[in-house]
Amino acid sequence: PLVHPALNRLTDYLGADNEVPRPTYIGGAMGFSGSAETMTDDSRRRRAYLPGLNATERKQVYYYAIYPNLLMALHPDYMLVHTLWPKAVDQTQIVCEWFFHPREMAEPDFDPSDAVTFWDRTNREDWQIVEQSQLGIQSRAYTPGPYSRREELLAGFDDVVRRAVGSRSKKTNR
């Protein structure tokens, strides 16, 4: 709630329904709070629902990390995709793309700026906290601590990385 105040007004950060971490992806659903319909500054949906969504799916956002470098946010009226390209230990290029239904894009008054503006600000909030975290991790005083029970997906990601690194070490030692 402190890092993402606008996001916190639209969803309850404790209300995620995470799936059990899988070897190829992690993620789950998060429902909207109150009368929120989508992730925009005013939470109003200006586009039709994406085809095929049932009543429950229209009231949720689905967040998934698909290994190794794809983040997907599936909204009732659009999809947001981040692709992460590591450049160095402390540097990653992130490509952020929004996808809308072709019928919506064909409308003469189509304007994606409500979604783009919302997520641009939210992403910038993440950049700031990630940069601060990176500085802390680089400190000689840093020691990793345990995850809270609310961070099961982060722990699941760490397990995938540990297994991948472990399997590479075994191949190298043969």
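**View 1. The largest nonpolar core of this predicted model has 14 residues.** Zoom in and look for M39, Y78, F118 and W119, the residues with the most contacts inside this core. Two helices chip in here: α1 (5–10) and α3 each supply at least two of the core's residues. Why might side chains like these gather in one place? In soluble globular proteins, nonpolar side chains tend to be buried together.

**View 2. Here we centre on M39 and its contacts.** Which residues does M39 touch, once its neighbours within four places in sequence are left aside? The list includes L7 and L10, and also A115, F118 and W119. M39 is also in contact with T11, F32, V61, Y63, H75 and Y78. Try finding F118, W119 and Y78 again, since they turned up with M39 among the residues with the most contacts inside the core.

**View 3. A second core sits separately from the big one.** This core is made up of 5 residues. Among them are I26, A65, Y67 and V160.

**View 4. D114 and R47 pair up in a salt bridge.** Their closest N and O atoms are 3.1 Å apart. What does this pair tie together? D114 belongs to helix α3 (residues 113–138), while R47 is in the loop between β2 (25–32) and β3 (60–66), so the salt bridge links parts that are 67 residues apart in sequence. Are D114 and R47 buried or exposed? Both of them are buried.

**View 5. R124 and D120 form a salt bridge within one helix.** The closest N and O atoms of this pair are 3.0 Å apart. Both residues lie in helix α3, and they are 4 residues apart, which is about one turn of the helix. R124 is partly exposed, with a relative accessible area of 46%, and D120 is partly exposed too, at 31%.

**View 6. Some salt bridges share partners and join up into one network.** Its members are D42, R44, R46, R47, D77 and D114. You've already met two of them, R47 and D114, as a salt-bridged pair.

**View 7. R45 and E37 meet through their side chains in a salt bridge.** The N to O distance is 3.9 Å; the cut-off for a salt bridge is 4 Å, so the pair counts. R45 is partly exposed at 23% relative accessibility, and E37 is partly exposed at 27%. How many salt bridges are there by this rule? The count comes to 9. As a general idea, side chains of opposite charge can pair when their charged atoms come close.

How values were computed. Residues are numbered from 1 along each chain as its sequence is written. This is a predicted model: local features need pLDDT of at least 70, side-chain atom pairs count only at pLDDT 80 or more; totals for chains, interfaces and linings use all residues. Side-chain values use heavy atoms; hydrogens and water are left out. Buried means under 20% relative accessible area, exposed over 50%, partly exposed in between (1.4 Å probe, protein chains only). A nonpolar core is a set of buried Ala, Val, Leu, Ile, Met, Phe, Trp, Tyr and Cys residues joined through side-chain atoms within 4.5 Å. Contact means heavy atoms within 4.5 Å.
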